[in-house]
Amino acid sequence: MPFLTQLADVARRTGRPVTEVGGWKTRGHGPQPEVRGIVCHHTAGPAGGGDYPSLAVVRDGRPGLDGPLSHFGLGRSGGIYVIAAGRCWHNAPSTSPRHDNSSSIGIEAENDGSQPWPEVQLDAYRKLCAELCRAFGLPASRVKAHREVNTSKPDPHSIDMNAFRAAVATLINGGPVPAPGPSTPSWTEEILRELPLIKPGDDNFDVKTVRGCLFARGHVPPAAYAGIQDGLEGWLKTTQCDNGLVELVRGFQRAEGIDEDGLVGPATWGPLLRV
Ligand SMILES: [Zn+2]
């Protein structure tokens with residue numbers, strides 16, 4: 001992949017103001033080899049100082065780390081700064097091969113690391129991620145917080161990444177975007193509440209969804225379907241919530257650190273469906 005000179009046009013599709021920082025089209029540690037993920041950061045810059053006081057640092061680097069540090073800056077007012085089209089030093093070492101410097105785009109949002117996020121900035125953050133996903137053919141699941149792909153990092157602080165990704169997914173699909181507030185449940189919580197409770201002895205098609213999700217999450221060992229007609233296929237088609245399934249649900253709950261009650265309710269549907 002060459003220098004990503006389309007980034008400013010992609011950013012403009014958000015409808016937010018876009019500033020093309022001089023020289024961005026040829027700025028980078030060489031060209032960008034590929035784009036398989038997006039990493040969200042906060043700058044940890046000063047608490048004041050205008051819309052994007054960290055611009056010089058993200059563009060030029062800091063002692064010990066040469067710039068550019070990220071492709072995009074995101075101002076407090078939701079303005080987008082296009083800083084580099086080539087590879088940036090924003091995530092090394094990475095725990096994800098899709099989110100290291102050679103395979104991902106970095107966004108550095110202005111925030112001192114503890115101050116509240118203005119809604120206008122969060123809105124632009126979600127829209128920029130959605131447009132990037134669209135442009136590079138990525139699902140919302142490829143949008144990660146720096147702290148999710150580098151265990152020694154805290155950023156971006158206080159953003160619920162599951163809710164963030166759910167909103168990005170809605171934007172990618174062109175739907176309306178709710179603004180979850182602290183007192184109102186997010187739409188993902190509402191959807192989870194509407195999903196059926198699956199309990200031992202149930203016999204319905206939703207049980208097959210539980211089986212499919214458990215298998216997709218790697219929680220169905222071959223022993224679970226060894227004695228069943230048609231093997232795995234037969235096991236996945238079984239509509240009954242039998243003892244074997246309940247034990248697998250408990251194992252999943254144990255692995256996720258949630259209550260091991262063997263019931264599939266909102267707390268279990270969430271991680272099962274990865275919303
Ligand atoms: Zn970071």
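**Entry 1. Asp-51**

I looked up the contacts of Asp-51 in this predicted model. Leaving out residues up to four places away in sequence, Asp-51 touches Gly-75, Arg-76, Ser-77 and Gly-79. I located Asp-51 in the loop that links strand 2 (37–42) with helix 2 (55–60).

Is Asp-51 buried or exposed? I found 17 other C-beta atoms within 10 Å of Asp-51. A buried residue needs 20 or more and an exposed one 12 or fewer, so Asp-51 is classed as partly exposed.

I also checked Asp-51 against Asp-242, 191 residues apart along the chain; their C-alpha atoms are separated by 57 Å.

**Entry 2. Overall layout**

I noted two domains, domain 1 (7–172) and domain 2 (195–273). Their C-alpha centres lie 37 Å apart. Along the principal axes, the C-alpha atoms of the protein fill a box of roughly 65 × 40 × 35 Å.

I recorded 10 helices and eight strands for the protein. Of its 275 residues, 37% count as buried. Among contacts with a separation of 6 or more, 69% are between residues 24 or more positions apart.

**Entry 3. The sheet**

In what order do the strands of the six-stranded open sheet lie? I read the order as 1-6-5-7-2-8, with mixed pairing. Strand 1 (18–20) and strand 8 (143–145) each have a single partner strand, so they stand at the edges and one side of each has no neighbour in the sheet. The twist from one strand to the next averages 25°.

**Entry 4. Strand 7**

I next examined strand 7 (residues 104–109) and its pairing with strand 2; the two run parallel and are joined by six bridges. In this pairing His-41 stands opposite Glu-108, and His-42 stands opposite Ala-109. Strand 5 also runs parallel to strand 7, through three bridges. Here Phe-72 has Ile-107 as its bridge partner.

How many residues of strand 7 are buried? I counted six of its six residues as buried. In a regular strand, side chains alternate between the two faces of the sheet. For strand 7, I found Ser-104, Gly-106 and Glu-108 pointing one way, and Ile-105, Ile-107 and Ala-109 pointing the other way.

**Entry 5. Helix 3 and the cores**

I traced helix 3 (residues 119–136) across strand 2, strand 5 (72–74), strand 6 (80–82), strand 7 and strand 8. Helix 3 runs at about 155° to strand 5.

Which residues have the most contacts inside the largest nonpolar core? I found Leu-128, Cys-129 and Val-168 in that role, in a core of 42 residues. Helix 3 gives the largest share of this core, seven residues. Apart from neighbours within four places in sequence, Cys-129 is in contact with Ile-38, Val-143 and Val-168.

I noted a second, separate core of 11 residues, including Cys-241, Leu-245, Phe-252 and Trp-269.

**Entry 6. Helix 5**

I turned to helix 5 (residues 161–172), the helix of Val-168. Its 12 residues reach 16 Å from the first C-alpha to the last, close to the 16 Å expected at 1.5 Å a residue. I listed its buried residues as Phe-164, Arg-165, Ala-166, Ala-167, Val-168 and Leu-171.

An α-helix has 3.6 residues a turn, so residues three or four places apart point the same way. Finally, I noted that Gly-174, just after helix 5, takes a positive phi of about 80°.

Notes:
Residues are numbered from 1 along each chain as its sequence is written. This is a predicted model: local features need pLDDT of at least 70, side-chain atom pairs count only at pLDDT 80 or more; totals for chains, interfaces and linings use all residues. Helices (H or I, at least four residues) and strands (E, at least two) are DSSP runs, numbered from the N terminus. Two residues are in contact if their C-beta atoms, placed from the backbone, lie within 7 Å. Domain bounds come from an automatic or database domain assignment. Two strands pair if DSSP finds at least two bridges between them. Axes are lines fitted to C-alpha atoms, for helices over the stretch in contact, and angles run from 0 to 180 degrees between N-to-C directions. A nonpolar core is a set of buried Ala, Val, Leu, Ile, Met, Phe, Trp, Tyr and Cys residues joined through C-beta atoms within 7 Å. The expected span of a helix is 1.5 Å times one less than its number of residues.
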